[in-house]
Amino acid sequence: MIETLSNFGAHTSDYIDPVRRLLSVGESRAANPAKWLDYAAKFELRGEHSIELIRLACDAALYGSDSASTEVWAPIHAWRALGQLRVAASVPPLLAFLKSAGNDDDWANTELPVVFGLIGAAAIPPIAGFISDQSHSTFPATTAVMGVKEIARRHPECRDECIGILERTLERDGNTDPGLKGFVVSALIDLEAVQAIDVIRHAFRRKTVDLSIVGDEEDVEIEMRVRGRRATPAPRYQTLPMSGFGRPGADRVLPRRGKVGRNDPCPCGSGKKYKKCCLA
């Protein structure tokens with residue numbers, strides 16, 4: 001049985017080979033998952049190493065360590081390996097880790113949806129439960145939504161189930177953040193889920209969708225090719241400066257001038273972490 005999240009990361013020096021080798025891999029800014037290392041081939045990682053990989057992926061002590069170290073990248077390599085190995089047991093602890101990280105790390109927000117997408121159908125039940133829990137803040141919930149999109153994109157046999165989860169999130173009343181619903185609409189656009197257009201329209205007409213994410217109902221209809229052009233003037237809204245989630249595109253823009261660590265201050269002098277400032 002997988003340990004509870006509270007036990008993960010309790011020790012950062014007792015990882016065993018071959019998992020321990022991930023501590024020395026160091027920096028990897030490959031935004032394209034197709035360019036990730038083949039962890040099974042390179043490090044001889046197998047399903048039997050799942051518990052150690054989960055512990056490393058959720059190791060908060062390593063994840064928040066010195067940005068100049070090689071160890072700070074080890075959790076990222078671990079969750080990539082878990083995705084490639086399709087370790088379904090990793091999804092609940094990774095979601096718990098995501099919740100604990102909150103809004104603070106764009107690497108988790110950008111890469112964990114890909115990990116969930118690689119794992120596929122087995123990841124759907126825990127992710128659906130996570131999204132339905134309205135106690136979660138917008139960023140972790142949005143990351144889970146993007147995970148649903150990735151599963152649908154990579155596993156066509158799961159497409160209808162995933163679209164159903166997104167539709168139910170749009171239909172949900174209560175205190176659901178309009179920003180989250182905006183990202184749900186974004187995911188449905190990316191999936192070209194025209195069958196969801198009536199649910200999308202209803203959400204906009206109830207005024208439960210943040211217009212700063214994908215625009216208004218007419219913008220979405222144009223994106224989904226069910227409308228040719230606007231019938232009314234475009235509304236005034238400000239696009240949110242969020243990396244990884246917003247449209248158009250979801251690829252991370254990586255620094256090209258010199259090296260800046262994940263947790264380093266932004267070189268622009270804002271006082272914010274680089275990952276929450278110019279990297280975004």
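In this predicted model, helices α8 and α9 are roughly antiparallel to each other, because their axes cross at roughly 160° and an angle over 145 degrees counts as roughly antiparallel. The axes of α8 and α9, the latter spanning residues 159-171, come within 8 Å, and the crossing in which α8 passes α9 is left-handed. On the α8 side the meeting residues are Val-145, Val-148, Ile-151 and Ala-152, and on the α9 side they are Arg-159, Cys-162, Ile-165 and Leu-166.

A second helix pair, α5 with α7, has another arrangement of its axes: residues 91-101 form α5 and residues 124-132 form α7, and the two pack at an angle of about 30° with their axes 9 Å apart. Because angles under 35 degrees count as roughly parallel, α5 and α7 are described as roughly parallel to each other, and their crossing is right-handed. Here Val-91, Pro-92, Leu-95 and Lys-99 of α5 meet Pro-126, Ile-127 and Phe-130 of α7.

Helix α8, which covers residues 138-154, also holds Thr-142. Thr-142 counts as buried because its relative accessibility is 1%, and its C-alpha atom is separated by 8.7 Å from that of Lys-181, a residue 39 positions away along the chain.

These helices belong to a protein with 13 helices and zero strands, so that from the N terminus on the order of elements is α-α-α-α-α-α-α-α-α-α-α-α-α. Of the 280 residues in the protein, 51% are buried. Among contacts with a separation of 6 or more, 71% are made by residues 24 or more positions apart.

In soluble globular proteins, nonpolar side chains tend to be buried together. In this model the largest nonpolar core has 75 residues, and those with the most contacts inside it are Leu-56, Trp-79, Ile-127, Val-185, Leu-188 and Ile-200. Ile-127 is also one of the α7 residues that meet α5. For Ile-200, once neighbours within four places in sequence are left aside, the contacts are with Leu-170, Val-185, Leu-188, Val-220 and Met-224; among these partners, Val-185 and Leu-188 are themselves listed with the most contacts inside the core.

Two buried polar residues, Ser-69 and Glu-218, have side chains that reach backbone atoms, as the table shows.

| Side chain | Backbone atom reached | Distance |
|---|---|---|
| Ser-69 | oxygen of Asp-66 | 2.7 Å |
| Ser-69 | nitrogen of Val-72 | 3.3 Å |
| Glu-218 | nitrogen of Ala-231 | 2.8 Å |

Ser-69 is placed in the loop between α3, residues 60-63, and α4, residues 74-84. Since its relative accessibility is 17%, Ser-69 counts as buried, the cut-off for that term being under 20%. The side chain of Ser-69 thus has one backbone partner in Asp-66 and another in Val-72.

Glu-218 lies in helix α13, which runs over residues 217-223, and its relative accessibility of 11% is why it counts as buried. Not counting residues up to four places away in sequence, Glu-218 touches Arg-227, Arg-230, Ala-231 and Thr-232, and among these Ala-231 is the residue whose backbone nitrogen the Glu-218 side chain reaches.

Terms used:
Residues are numbered from 1 along each chain as its sequence is written. This is a predicted model: local features need pLDDT of at least 70, side-chain atom pairs count only at pLDDT 80 or more; totals for chains, interfaces and linings use all residues. Side-chain values use heavy atoms; hydrogens and water are left out. A nonpolar core is a set of buried Ala, Val, Leu, Ile, Met, Phe, Trp, Tyr and Cys residues joined through side-chain atoms within 4.5 Å. Buried means under 20% relative accessible area, exposed over 50%, partly exposed in between (1.4 Å probe, protein chains only). Contact means heavy atoms within 4.5 Å. Helices (H or I, at least four residues) and strands (E, at least two) are DSSP runs, numbered from the N terminus. A polar contact is a pair of N or O atoms within 3.5 Å; within protein, one must be able to donate a hydrogen and the other to accept it, and residues adjacent in sequence count only if both atoms are side-chain atoms. Axes are lines fitted to C-alpha atoms, for helices over the stretch in contact, and angles run from 0 to 180 degrees between N-to-C directions. Angles under 35 degrees count as roughly parallel, over 145 as roughly antiparallel, 65 to 115 as roughly perpendicular and the rest as oblique. A crossing is left-handed if the near helix is turned anticlockwise from the far one by less than a right angle, and right-handed if clockwise.
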